[in-house]
4 protein chains.
Amino acid sequence: MPTVIPSVSETVVRVNYSETDQMGVVYHARYLVWLDVARCDHLRHSGTSYRDLELAGLRLAVSEVSVRFRQPARYDDLVRIRCWVRDVASRRVEFGYAVEHANDGRLLATATTSLLALDENLALTRLPDHVRQALHPIADPIRLE
Amino acid sequence: MPTVIPSVSETVVRVNYSETDQMGVVYHARYLVWLDVARCDHLRHSGTSYRDLELAGLRLAVSEVSVRFRQPARYDDLVRIRCWVRDVASRRVEFGYAVEHANDGRLLATATTSLLALDENLALTRLPDHVRQALHPIADPIRLE
Amino acid sequence: MPTVIPSVSETVVRVNYSETDQMGVVYHARYLVWLDVARCDHLRHSGTSYRDLELAGLRLAVSEVSVRFRQPARYDDLVRIRCWVRDVASRRVEFGYAVEHANDGRLLATATTSLLALDENLALTRLPDHVRQALHPIADPIRLE
Amino acid sequence: MPTVIPSVSETVVRVNYSETDQMGVVYHARYLVWLDVARCDHLRHSGTSYRDLELAGLRLAVSEVSVRFRQPARYDDLVRIRCWVRDVASRRVEFGYAVEHANDGRLLATATTSLLALDENLALTRLPDHVRQALHPIADPIRLE
């Protein structure tokens with residue numbers, strides 16, 4: 001019987017002080033780091049690991065990012081990032097994200113990122129078969145717009 | 001005779017070591033900081049200043065960001081960010097950006113950000129008239145897609 | 001019977017990609033964020049919380065930091081930060097830290113930070129009694145030099 | 001006639017929004033990035049460049065950092081970092097720094113960093129002769145304690 005892999009992974013981070021700005025909320029660029037952490041967790045839950053992919057010569061480079069900020073996150077908040085695969089092609093994978101307040105589920109942001117598969121010289125290459133097979137695209141579980 | 005205000009501002013930054021990652025290029029989230037710096041320079045060139053706006057009780061909070069990464073930037077590169085206003089409404093302003101290698105003009109990234117006007121309690125408010133009048137929307141000088 | 005509060009707290013973080021630089025290791029300034037996270041965890045374990053202290057009008061501002069880097073940390077490593085109080089005075093508290101590889105215990109860095117108690121106008125103030133009483137200075141559990 | 005190389009270099013940065021925290025001042029870890037930028041400028045003014053050193057296989061890794069924070073820096077401030085060489089040995093160089101408000105000269109912080117010369121495998125190595133000769137240690141121009 002095949003292992004059932006959850007198609008939406010969940011990552012929880014606690015907001016640290018360095019992530020805040022003088023508006024008293026999390027600086028918008030910090031969300032991109034959370035998306036990165038969530039994406040690496042998603043790969044890990046899918047049975048691969050970005051560390052191993054890099055050791056094997058693959059790089060996944062962000063080619064497009066789009067974020068819609070809805071409500072601010074604050075210092076010491078627990079934030080949950082849900083992450084899923086929206087689309088996989090031979091040299092490209094697209095992820096979707098919902099960033100939520102971990103305690104009350106309030107939606108803080110939604111996002112998408114496209115990543116390109118690159119070799120060690122940062123030239124376009126194909127995603128290895130085992131990576132493509134580990135990534136299962138699903139329909140967005142929430143509206144991103 | 002009215003002062004002619006340039007509708008596209010230019011900001012140059014030099015890539016520092018903290019902005020690189022182990023792929024040997026600038027980490028994608030750092031571009032958002034450059035966009036922020038360019039946007040503040042644009043406001044300054046337009047005769048206002050974000051510092052003064054905050055002191056007067058206004059906040060401009062990023063509500064949407066979209067970046068397309070085209071070529072990597074590297075340590076010690078001089079990077080030029082061109083910035084312009086795409087659209088202004090009563091409580092919202094949208095900026096466009098072209099990030100280029102300063103020496104050879106190669107396009108590194110294009111981006112747009114939408115910002116909302118907030119008061120000191122982070123509630124939606126109107127852009128002050130003098131700010132709206134200082135911001136002149138133009139057609140995108142380059143294709144963003 | 002009084003609760004026994006551990007005098008050395010432990011915090012574990014996983015190195016994310018944004019923390020690496022093009023040397024292939026964690027950029028040295030990122031350690032200061034880990035120390036901050038560990039210090040806040042220490043306060044939490046001591047029965048107080050930095051979030052609550054700020055809400056009550058207190059600020060703890062770093063006035064001195066000293067770090068000795070011994071071995072590099074790498075992407076995806078689990079890193080453990082042990083944190084303790086070295087000294088408490090009426091308006092000042094000093095923390096010590098040992099940063100270790102979580103799996104094999106290798107010492108990555110040692111550090112100390114001094115923090116000053118400030119009020120909402122960032123003027124020097126006294127540490128509240130309940131904070132001073134919650135912080136128990138101990139002798140360094142490892143050599144910091 | 002030999003070129004006279006200034007023994008204290010000066011670098012000016014403008015504080016950007018991402019560098020602030022919810023205390024309304026620059027987050028302490030950001031100063032380490034400014035020190036890095038100032039150190040690279042110092043090497044450039046001394047006739048070498050860290051970019052070229054890395055291309056030639058050398059790495060300079062921070063092994064010790066010590067900062068004393070005296071007054072806060074704020075958003076949009078112009079900050080000047082003065083940097084000099086305190087000591088050079090066969091495999092190690094120590095820099096000193098004074099961080100000042102660019103307009104009024106107020107001292108914001110003082111710092112020292114020690115860097116080790118490493119080869120491409122991050123093993124200790126000797127500083128190349130031309131680098132050692134380009135670095136002229138001087139007595140601290142201000143008190144660091």
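Start by selecting S49(A) in this predicted model. S49(A) counts as partly exposed because 15 other C-beta atoms lie within 10 Å of its own, and a residue needs 20 or more to be buried and 12 or fewer to be exposed. You'll find S49(A) in the loop between α1 and α2 (50-55) of chain A. Leaving out residues up to four places away in sequence, S49(A) touches L43(A) and R44(A). Now add Q133(A) to the selection: S49(A) and Q133(A) are 84 residues apart in sequence, and their C-alpha atoms are 14 Å apart in space.

**Back along the helix**

Step back from S49(A) and stop at G47(A), just after α1(A), where phi is positive at about 95°. Next, select α1(A) itself, residues 30-45. This helix has 16 residues and covers 23 Å from first C-alpha to last, close to the 22 Å expected at 1.5 Å a residue. Which residues of α1(A) are buried? Colour R30(A), Y31(A), L32(A), W34(A), L35(A), D36(A), A38(A), R39(A), C40(A), H42(A) and L43(A), and you have them. As you look down the helix, keep in mind that an α-helix has 3.6 residues a turn, so residues three or four places apart point the same way.

**Chains A and B**

Bring chain B into view. Here 17 residues of chain B are in contact with 17 residues of chain A. On the chain B side, α1 (30-45) and β2 (59-69) each supply at least two residues. Which element gives the most to that side? Pick β2(B), with 10 residues. Colour that side of chain B by class and you get 11 nonpolar, three polar and three charged residues.

Zoom in on the strands: β2 of chain A, residues 59-69, runs antiparallel to β2(B), and five bridges join them. For one of the pairs, select V67(A) and look across to its bridge partner in β2(B), V65(B).

Now try a superposition. A turn of 180° with a shift of 0.0 Å along the axis lays chain B on chain A with an RMSD of 0.0 Å. That is the relation of a two-fold axis. To find the axis from chain B, go to S66(B): its C-alpha is the nearest in that chain, 2.1 Å away. The same surface serves both copies, with 100% of the contact residues of chain B recurring in chain A.

**Chains C and D**

Hide A and B and show the other two chains. Between them, 17 residues of chain C are in contact with 17 residues of chain D. On the chain C side, the elements giving two or more residues are α1 and β2 of chain C. The top contributor there is β2(C), with 10 residues. By class, this side of chain C has 11 nonpolar, three polar and three charged residues.

Select β2(C) and β2(D) together, and you'll see them pair in the antiparallel sense over five bridges. V67(C) is a handy landmark, standing opposite V65(D) in β2(D).

**The sheet across C and D**

Zoom out to cartoon view. How many strands are in the open sheet? Count 10, in the order β1(C)-β3(C)-β4(C)-β5(C)-β2(C)-β2(D)-β5(D)-β4(D)-β3(D)-β1(D), with antiparallel pairing. At the edges are β1 (9-14) of chain C and β1 (9-14) of chain D, each pairing on one side only. Ignoring direction, neighbouring strands of this sheet are turned by 25° against each other on average.

Add the helices. In chain D, α1 (residues 30-45) packs on the sheet, touching β1, β2, β3 (78-89), β4 and β5 of that chain, and its direction makes about 140° with that of β1(D). In chain C, α1 (residues 30-45) lies across β1, β2, β3, β4 and β5 of chain C, at about 140° to β1(C).

**Last stop: three strands of chain D**

Select β2 (59-69) and β5 (107-118) of chain D, an antiparallel pair with 10 bridges. Two pairs to click on: R59(D) stands opposite L118(D) in β5(D), and S66(D) stands opposite T112(D) in β5(D).

Then add β4 (92-101) of chain D, which runs antiparallel to β5(D) and is joined to it by nine bridges. Here V99(D) stands opposite A109(D) in β5(D). Finish in the hairpin of β4(D) and β5(D), with five residues between the strands, and click on G105(D), where phi is positive, near 75°.

Key
Residues are numbered from 1 along each chain as its sequence is written. Chains are lettered from A and ligands numbered from 1 in the order in which they are written. This is a predicted model: local features need pLDDT of at least 70, side-chain atom pairs count only at pLDDT 80 or more; totals for chains, interfaces and linings use all residues. Two strands pair if DSSP finds at least two bridges between them. Helices (H or I, at least four residues) and strands (E, at least two) are DSSP runs, numbered from the N terminus. Two residues are in contact if their C-beta atoms, placed from the backbone, lie within 7 Å. Ala, Val, Leu, Ile, Met, Phe, Trp, Tyr, Cys and Pro count as nonpolar, Asp, Glu, Lys and Arg as charged, and the others, Gly among them, as polar. Axes are lines fitted to C-alpha atoms, for helices over the stretch in contact, and angles run from 0 to 180 degrees between N-to-C directions. Copies are superposed by least squares on the C-alpha atoms of residues with pLDDT of at least 70 in both. The expected span of a helix is 1.5 Å times one less than its number of residues.
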